[in-house]
Amino acid sequence: MPATPEELEEVIRNSFRVSHLEIEDQSSGCGASYAIVLVSEDFEGKFSLARHRMVNEALKEQISQMHAFSQKTFTPKQYEAYLAKGN
């Protein structure tokens, strides 16, 4: 059974101190492709690769059911700067 946005949110919120979370089903509702934006203090001092590995590990069961998964991970300070640039 494909992962649902609600399932992804539950796992993410139970795994990270979430400041902001966006989950987008990019597969027209079938659950085969998701993109997330995750902002967490847990990413402080970690490079992008380490952050992505943390998310992939937390969501490994759900990701195994998907065709595609993309993620953007930020610290709260980085996310503020990202938004300030008009993103």
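This briefing walks through the overall build of the chain and then visits some of its residues. The model is predicted, so please read every value here as computed from that model. The chain has 4 helices and 3 strands, and along the sequence they follow the pattern α-β-β-α-α-β-α. With a radius of gyration of 13 Å, close to the 12 Å that the globule rule gives for 87 residues, the chain is as compact as a globular protein of that length.

**The whole chain**

- Taken along the principal axes, the C-alpha atoms fill a box of roughly 35 × 25 × 20 Å.
- Of the 87 residues, 32% count as buried.
- The accessible surface comes to about 5500 Å², and 50% of that surface belongs to carbon and sulfur atoms.
- Contacts can also be sorted by how far apart the partners sit in sequence: among those with a separation of 6 or more, 55% are between residues 24 or more positions apart.

**The nonpolar core**

- The largest nonpolar core has 13 residues.
- The residues with the most contacts inside this core are L8, I12, F16, L38, V55 and L59.
- Helix α1, which covers residues 5-15, supplies at least two residues of the core, and strand β2 does so too.
- F16 is a good residue to look up in the structure: leaving out residues up to four places away in sequence, F16 touches L38, S40, D42, F43, M54, V55 and A58.

**Aromatic rings**

- The structure holds 4 aromatic pairs.
- In one of them, the ring centres of F16 and F43 are 5.6 Å apart and the planes meet at 50 degrees, so this pair is tilted.
- The pair links distant parts of the chain, with F16 in the loop between α1 and β1 (18-25) and F43 in the loop between β2 and α2 (48-58), 27 residues apart.
- Both F16 and F43 are buried.
- F74 and Y79 also form a tilted pair, because their planes stand at 55 degrees, with ring centres 5.6 Å apart.
- F74 is buried, and Y79 is buried as well.
- Ring pairs join F74, Y79 and Y82 into a cluster.

**Y34 in strand β2**

- Y34 belongs to strand β2, which spans residues 33-40.
- Y34 has a relative accessible area of 1%, so this residue counts as buried, the cut-off being under 20%.
- Setting aside neighbours within four places in sequence, the contacts of Y34 include A3, T4, P5 and L8, as well as M66, A68, F69 and S70.
- Other contacts of Y34 include I23, E24, D25 and Q26.
- A polar atom of the Y34 side chain lies 2.7 Å from the backbone oxygen of A3.
- Y34 and N56 are 22 residues apart along the chain, and their C-alpha atoms are separated by 13 Å.

**Q62 and E61 in helix α3**

- Q62 is found in helix α3, made up of residues 60-63, and E61 lies in helix α3 too.
- Q62 is buried, with a relative accessible area of 6%.
- E61 counts as exposed, because its relative accessibility is 52% and the cut-off for exposed is over 50%.
- The side chain of Q62 makes a polar contact of 3.0 Å with the side chain of E7.
- Not counting residues up to four places away in sequence, Q62 touches A3, E7, L8 and V11.
- E61 and A3 are 58 residues apart in sequence, while their C-alpha atoms are 8.9 Å apart in space.

**Q71 in strand β3**

- Q71 sits in strand β3, which runs over residues 68-74.
- At 12% relative accessible area, Q71 is buried.
- The side chains of Q71 and N56 are joined by a polar contact of 2.9 Å.
- Leaving aside neighbours within four places in sequence, Q71 is in contact with I36, R51, H52, V55 and N56.

Technical notes. Residues numbered from 1 in each chain as written. Predicted model: local features only at pLDDT ≥ 70, side-chain atom pairs only at ≥ 80, totals over all residues. Heavy atoms only, no water. Buried < 20%, exposed > 50% of the residue type's maximum accessible area, 1.4 Å probe, protein only. Contact = heavy atoms within 4.5 Å. Polar contact = N/O pair within 3.5 Å; in protein donor to acceptor, adjacent residues only side chain to side chain. Core = buried A, V, L, I, M, F, W, Y, C linked by side-chain atoms within 4.5 Å. Phe/Tyr/Trp six-rings, centres within 6.5 Å; stacked < 30°, edge-to-face > 60°. Rg over C-alpha atoms; globule rule 2.2 N^0.38 Å. Areas by Shrake-Rupley, 256 points an atom, 1.4 Å probe, with all protein chains shown as cover.
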